[in-house]
Structures are given as structure tokens and as C-alpha cells.
Amino acid sequence: MENFILNNGVSIPAIGLGTWDNRDYNSIVETLKSAFKMGYRHIDTAGFYANEHLIGRAVKDAGIRREDLFITSKVWASERGYIKTMKVFEKTIADLQTDYLDLYLIHWPASPKRYADWDLINAETWHALEDLHKAGKIRAIGVSNFWVHHLEPLLKVANVRPMVNQIEYHPGYKQQEVVDFCKSNNILVEAWSPLGRGKMFSVDLLAQMAQKYNVNIAQICIKWCLQNGVLPLPKSAKPERLKQNIEIDSFEISTSDMAQINALDLGSSSGEYPDEVGF
Ligand code: A2P
């Protein structure tokens, strides 16, 4: 598997396995065993997914060495703030049966619509991540679902620049302003729901492209992310789909086809906007 290099030099496998909504131990262990055999080495979880303890067990049962894996987790909204973040991090690594994380993200920004001191909350959470990073407990730190107006104040107080911003990103919802801002600040964008939670499977243009390149729509979406310099985190619990989602070396989307997908205007976001969500 290829890698992206983060702004602190850490190498991150270019496709990660999303684990949202998988809370069944047998399913997780089977998924991870198949995924590791196929070459996946990057697992994306979060405190909110309530599966860190299952992933921790499954990784051990799958018999893969910790140093061969890249594990990301995220601080949930209720745990924002310096002290709470420090505490929940300890629970996360205990549940994951590890003593360090490869990447730790602030799952959602505190938003100006809900909190008068939103920028302070984000800054304090960030300083906890910075201190954990400095202490060698996290190899890279970042944010998730941050828009430009959340990132700008954070960058002003940050001693360590975020290495990643994980956002919803697929051909139906591109968040171009956020992506451009991150690229110009050397922050890697990761795509959650790169398949638009399945919504991309009914988009005609993507079906035409899949036919043209002799692949499927999931593979088009994943390749499109990568060719735009964005790291996709597709999720599936089905071995044949896991395999498809990583077998994307046989083709390259042409510049004109990339332009056509980039020009698609579907407005098909999940509707989970960082200033609108209820947490
Ligand atoms: P399943 O888990 O049953 O395989 P996203 O990553 O954008 O959130 O999309 C995830 C959805 O897409 C899940 O419903 C998943 O279903 C489905 N999915 C993942 N990979 C593929 C694939 N290669 N082909 C078809 N559906 C897929």
C-alpha cells in the first residue's frame, strides 16, 4: 500500500479502514483478519464508535504486530477540554490494548453557534493533544469536521500544526474551500464516507466511469479521492468489498474524467454540518 507523508514526517497508509457502526466482536475480528490479509494496515476508530475495546481484542486475535499498524482514534465532543481529553485518551489506549496512538483527532469542533467560548474549548482540547504528542504517546495529531472558521483560530494558538483534518468527502460533497485551506496549510485531508454512505452508487456519471475503467463505483470514488490528494476511509464488513476497495492500482482516472467528477454538483452531504450538529 502507498503512503501519504504527514507534515511531521510520519508515514500514513493511503487507504484506511473505517469502522463506524461496527460493534459486533465477531464481525470486527473477521473484518480485520480479512483486511490484514489483503494488505490493510490503517484502522480508523473513535471513542464515539464504542468499538475501541473490540478492535483492541480483534487486533490481538488477528496476530498482527502493533508496529505494523496505523491506528487512529478521536476525542468525542463530550470529552473536549484539557483535563477530560487527557483522561479519555488513557481509556482509549487501554481499550485498544496499546500504549500509543498513531493519530488522535478532535472528532468535532466546539461550534460558535453552541458555545460562547468555543475557540477556547477547541484550543484547550488541542493543547492536550499537543502535550500527549510531545510525551510520545501519539505520533500525529489532527482534527475532524473542522471548517475554515474553526481552523483559523486554532492555527493562531497551536504550537503544533494539525497534521490531518478528517471531513465528509465524496463526489457528491467536496467541501472545496476546506480542502483548499488544508492543502495550503500542509494539513492532509482524510475522507469519511468516501462512498457517500452508498449514495454514490446511483450517480449516472460515476456508473459510466466505472464501466469505462472496468471497475465499480466504489473503486472510482476511492481512486478519485487519492488522485485529489485526499486519504479515503471506506468501510465495509464484507471481504469481497474490502478487497475491491483496496484494489485500485489497475487504473488511473484521466484528467478530463477527474474534471468531470470534480464538476459534479450533487449537494448530497449527510447533513452533518459542524455548526448544526447537536453536540
Ligand atoms: P457494507 O458494509 O454492507 O459492505 P461509506 O464508506 O461512504 O460510509 O459507505 C459505506 C457503505 O458502502 C456501506 O453501506 C457499505 O456496505 C457500502 N460499501 C462499501 N464498499 C462497497 C463496495 N465496494 N461496493 C458496494 N458497497 C460498498
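**View 1. Isoleucine 167 faces alanine 191 across a strand pair.** In this predicted model, isoleucine 167 stands opposite alanine 191, a residue of strand β9. The pairing here is between β9 and strand β8, which covers residues 164–168. These two strands run in the parallel sense and share five bridges.

**View 2. Alanine 191 also has a partner in β10.** Look at alanine 191 again and you'll find proline 232 of β10 opposite this residue. Strand β10 takes in residues 231–233 and pairs with β9 over three bridges, once more in the parallel sense.

**View 3. Strand β9 is wrapped up on both faces.** In a regular strand, side chains take turns pointing to one face of the sheet and then the other. For β9, one side carries Leu188, Glu190 and Trp192, while Val189 and Ala191 sit on the other, and all of these are buried. With five of its five residues (188–192) buried, β9 is therefore largely enclosed by the rest of the structure.

**View 4. A helix links β8 to β9.** Step back a little to see β8, helix α6 and β9 together: they make up a β-α-β unit, and it is right-handed. The helix in this unit, α6, spans residues 176–184.

**View 5. Asparagine 185 sits in the loop after the helix.** Between α6 and β9 there's a loop, and asparagine 185 is part of that loop. Is asparagine 185 buried or exposed? Its relative accessible area is 17%, under the 20% cut-off, so asparagine 185 counts as buried. Leaving aside residues up to four places away in sequence, asparagine 185 touches Leu155 and Arg161.

Terms used. Residues are numbered from 1 along each chain as its sequence is written. This is a predicted model: local features need pLDDT of at least 70, side-chain atom pairs count only at pLDDT 80 or more; totals for chains, interfaces and linings use all residues. Side-chain values use heavy atoms; hydrogens and water are left out. Buried means under 20% relative accessible area, exposed over 50%, partly exposed in between (1.4 Å probe, protein chains only). Helices (H or I, at least four residues) and strands (E, at least two) are DSSP runs, numbered from the N terminus. Two strands pair if DSSP finds at least two bridges between them. A crossover is right-handed if, with the strands pointing away from the viewer, the path from the first strand over the helix to the second runs clockwise. Contact means heavy atoms within 4.5 Å.
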